[in-house]
Amino acid sequence: TRVLELEDIMHDLVIVEDATGAMEIALGTTFIVETDGKKKKFSLVGSNEANPLEGKISNESPIGLAFLGAKPGDKVEFQAPSGTISYRILEIH
């Protein structure tokens, strides 16, 4: 069963290089945001690499979808179970 699962993952595999010099958030970018006066660092990754505790968010998650295409200076909002959360994009690496 595990072999079939891995074969399925490999079939849909897309290699994404780290994005450098990016002007907007896309898969593979690392970026810094500000919320409630605190800075946070995130990386937008595929769902198999996601680890929110390490700041790696999936491009398929609600927060990841909200960040896609955002540029420095943009305000991004998304609905969380606790309510609307707002971020301001500070930098993209």
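1. Let's start with one term: a residue is called buried when its relative accessible area is under 20%. Take Y87, which has 6% relative accessibility and therefore counts as buried. F78 has 15%, so F78 counts as buried too. Keep in mind as you read on that this is a predicted model.

2. Now the big picture. The protein chain has two helices and five strands, and going from the N terminus the order of elements is α-β-β-β-α-β-β. There are 93 residues in the protein chain, and 31% of them count as buried. The accessible surface is about 6,500 Å², with 53% of it belonging to carbon and sulfur atoms. If you look at contacts in the protein chain with a separation of 6 or more, 35% of them are between residues 24 or more positions apart.

3. Next, try tracing the sheet. It is an open one made of five strands, with mixed pairing, and the order across it is β3-β2-β1-β5-β4. Which strands stand at the edges? They are β3 (56-58) and β4 (75-80); each has a single partner strand, so one side of each has no neighbour in the sheet. From one strand to the next, the twist averages 45 degrees. As a reminder, strands in a sheet pair through backbone hydrogen bonds, and the pairing can be parallel or antiparallel.

4. Have a look at what β5 pairs with. Strand β1 (residues 30-35) runs antiparallel to strand β5 (residues 83-92), and four bridges join the two. One spot to find on screen is V33, whose bridge partner in β5 is I89. β4 also pairs with β5 in the antiparallel sense, over six bridges. These two strands, β4 and β5, make a hairpin with two residues between them. In that pairing, A80 stands opposite G83 in β5.

5. β4 is a nice strand for learning about faces. In a regular strand, side chains alternate between the two faces of the sheet. Which residues of β4 are on the covered face? Those are V76, F78 and A80, while K75, E77 and Q79 make up the uncovered face.

6. On to the rings. The whole structure has six aromatic pairs. In one of them, F31 and F42 have ring centres 5.9 Å apart and planes at 40 degrees, so this pair is tilted. F31 sits in strand β1 and F42 in strand β2, so the pair ties together parts eleven residues apart in sequence. F31 and F42 are both buried. Another pair, F78 with Y87, is stacked, with 6.4 Å from centre to centre and 5 degrees between the planes. Ring pairs link F31, F42, F67, F78 and Y87 into a cluster.

7. Last, a polar residue to click on: S43, in strand β2 (residues 38-45). Is S43 buried or exposed? S43 is buried, because its relative accessible area is 18% and the limit for buried is under 20%. What does the side chain of S43 make a polar contact with? The partner is the side chain of T30, at 2.9 Å. Leaving out residues up to four places away in sequence, S43 touches T29, T30, F31, G55, K56 and I57. You have met F31 already, as the ring that pairs with F42.

Technical notes. Residues are numbered from 1 along each chain as its sequence is written. This is a predicted model: local features need pLDDT of at least 70, side-chain atom pairs count only at pLDDT 80 or more; totals for chains, interfaces and linings use all residues. Side-chain values use heavy atoms; hydrogens and water are left out. Two strands pair if DSSP finds at least two bridges between them. Axes are lines fitted to C-alpha atoms, for helices over the stretch in contact, and angles run from 0 to 180 degrees between N-to-C directions. Buried means under 20% relative accessible area, exposed over 50%, partly exposed in between (1.4 Å probe, protein chains only). A polar contact is a pair of N or O atoms within 3.5 Å; within protein, one must be able to donate a hydrogen and the other to accept it, and residues adjacent in sequence count only if both atoms are side-chain atoms. Contact means heavy atoms within 4.5 Å. Rings of Phe, Tyr and Trp (its six-membered ring) pair if their centres lie within 6.5 Å; planes under 30 degrees apart count as stacked, over 60 as edge-to-face and the rest as tilted. Accessible areas come from the Shrake-Rupley method with a 1.4 Å probe; for residues, only the protein chains shown count as cover.
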